[in-house]
Amino acid sequence: MTALASRLRAVELGAVPVATPTGRLVGAQGLLLESVGCPLHTGQRCRIETVDGGWLDAQVVGFKEKVSYLMPFKKATGLATGARVLPAPVQADLMIGPSWMGRMVNGLGEPIDGLGKLGGDQPLSTIPPKVNPLKKAPVEEPLDVGVRAINSMLTIGKGQRVGLMAGSGVGKSVLLGLITRQTVADVIVVGLIGERNREVREFVEKSLGPEGLKRAVLVVAPADESPMMRVMATEMCHSIAAHFRDRGQNVLLLCDSLTRYAMALREVALSLGEPPATRGYPPSVFSNMPQLVESAGNGENPKGSMSAIYTVLAEGDDQQDPVVDSARAILDGHIVLTRELAERGHYPAIDVAQSISRCMAQVVGPEHALAARKLKASLARHARVRDLIPLGAYVPGADPETDKAVRLHPHIEAFLCQGTREEAPMPGSVEQLKAMMA
């Protein structure tokens, strides 16, 4: 063997690792797994050996002294004490591109629609990007969502973040589907977080349809997924939407729901021993929610926009629920759906009196804004005498403005109602509003 060959042989042998760092599983309590013997950093992915020779993927969520705390991505079955824990091999960056359109992925960016691998030419971070607030493009143009009550009374701007707030069974998901089909946007990113498995296929086939699916990317983590997967799926849909926004496209992000994301964060935090503060929610939940929401909105590229609509579940129809209250404070507007309107057959059950769009004044003209204020005032006047009318106790003639409100109320209710397949473009909705309130 020549001297050169010997040196090359020595280099090859030196590249072979002498040992593989391996930890051992020493505890499994609820969702949390404990590992010792291998130094792991927070956010790192690792693999845990199961009794059948398979591997369970997990992520490091904390540590205490020599113990690392792991949270699995899937249900932790087949684990035994002393099982090997290995750092996951370094994976290539997740790549994204136009081929993602019309596809469905999980929280790790893996395709789950059975249509093969995803292509792409740009790296995608699983952590939503932060934007310097001084460099964010302002909200200046209206966004046509195809819902008459929103287009006319609660106009949303391109780059605005809005919450759909309601109790269970009031019509949040149906309204979200209506918005999905009719919104004028280049790309639609939908996050179905913590919802029923049944709703996933229904949303794809009925809410999106073949045409809508062509310009959409779905990120799915149903209720039977682990809390870690639900958290990552929520962050993944924000990263995908931000990618297309930064490339100059108008993006609509729909997240159903922000409450399930908060619940997943609560499960992770409580498993780590963080004390509950407000109705069982640890403080870290309310610090993570603004970080997520602030990654939405417009970016530095003035040609692109990223509008976001979140559904927020008001448990027990309580609008003072801590997640609802927190969302109302950090979002740019809230659209309240009430059970009272739903029970009367008023769909979508949007209570325009309790709802507000904080960016509406920036994106509509003075005539539109004046007509919207007149309609709200008319609803308020009618509400004061609504209970008197069935009893025959209301006597017309005492107040001309109240008489006008009572006379207009049936027309206003018909204007604010809309069928699930009815189209309501913004120009027509605004003209109807102006004509009715003239």
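Is Arg24 buried, partly exposed or exposed? Arg24 is partly exposed because its relative accessible area is 41%, where buried means under 20%, exposed over 50% and partly exposed in between (1.4 Å probe, protein chains only). The structure is a predicted model, in which local features need pLDDT of at least 70 and side-chain atom pairs count only at pLDDT 80 or more, while totals for chains, interfaces and linings use all residues. Residues are numbered from 1 along each chain as its sequence is written, and side-chain values use heavy atoms, with hydrogens and water left out.

## The chain as a whole

The chain holds 13 helices and 18 strands. Helices (H or I, at least four residues) and strands (E, at least two) are DSSP runs, numbered from the N terminus. The C-alpha trace spans about 110 × 45 × 40 Å along its principal axes. Of the 438 residues in the chain, 49% are buried. Among contacts with a separation of 6 or more, 71% are between residues 24 or more positions apart; a contact means heavy atoms within 4.5 Å.

The exposed area of the chain is about 20,900 Å², and carbon and sulfur atoms supply 55% of it. Accessible areas come from the Shrake-Rupley method with a 1.4 Å probe, and for residues only the protein chains shown count as cover. There are 47 positive and 46 negative charges, and their mean positions are 2 Å apart. Lys and Arg count as positive and Asp and Glu as negative, without His and the chain ends; each charge is placed at NZ of Lys, CZ of Arg, CG of Asp or CD of Glu.

## Strands β1 and β2

Arg24 belongs to strand β1 (residues 23–29). Beyond its neighbours within four places in sequence, Arg24 touches Glu34, Ser35 and Val36, together with Gly82, Ala83, Arg84 and Val85. The C-alpha atom of Arg24 is 40 Å from that of Ala296, 272 residues apart along the chain.

Leu32 is part of strand β2 (residues 32–36). With a relative accessibility of 6%, Leu32 counts as buried. Outside the four places on either side in sequence, Leu32 has contacts with Gly27, Val61, Tyr69, Leu70, Met71, Ser271 and Leu272. Between the C-alpha atoms of Leu32 and Gln320, 288 residues apart along the chain, the separation is 31 Å.

## Helices α2 and α3

Helix α3 (residues 172–182) is largely enclosed by the rest of the structure, because eight of its eleven residues are buried. Those buried residues are Lys172, Leu175, Leu176, Gly177, Leu178, Ile179, Thr180 and Gln182. Their cover includes the helices α2 (148–153) and α4 (197–214), and the strands β12 (161–166), β13 (187–193), β15 and β16 (305–313).

Asn151 lies in helix α2. Asn151 is buried, with a relative accessible area of 0%. Leaving aside neighbours within four places in sequence, Asn151 is in contact with Leu143, Asp144, Val145 and Gly146, and also with His368, Ala424, Pro425, Met426, Ser429 and Val430.

## Backbone geometry in loops

Two cis peptide bonds and two residues with positive phi are listed below.

| Site | Backbone value | Location |
|---|---|---|
| Asp256 to Ser257 | cis, omega about 15 degrees | Ser257: loop between β15 (250–256) and α6 (258–271) |
| Tyr347 to Pro348 | cis, omega near -10 degrees | Pro348: loop between α9 (339–343) and β18 (356–357) |
| Glu65 | phi near 55 degrees | loop between β4 (55–64) and β5 (67–72) |
| Arg279 | phi near 50 degrees | loop between α6 and α7 (283–294) |

Glu65 is exposed, with a relative accessible area of 77%. Arg279 is also exposed, at 52%.

## Aromatic rings and charges

The charged end of Arg47 sits over the ring of Trp55, at 4.7 Å from its centre. Arg266 lies over the face of Tyr281, 4.3 Å from the ring centre. A charge sits over a ring if NZ of Lys or CZ of Arg is within 6 Å of the ring centre and within 35 degrees of the ring normal.

One aromatic pair is found in a search of the whole structure. Rings of Phe, Tyr and Trp (its six-membered ring) pair if their centres lie within 6.5 Å; planes under 30 degrees apart count as stacked, over 60 as edge-to-face and the rest as tilted.
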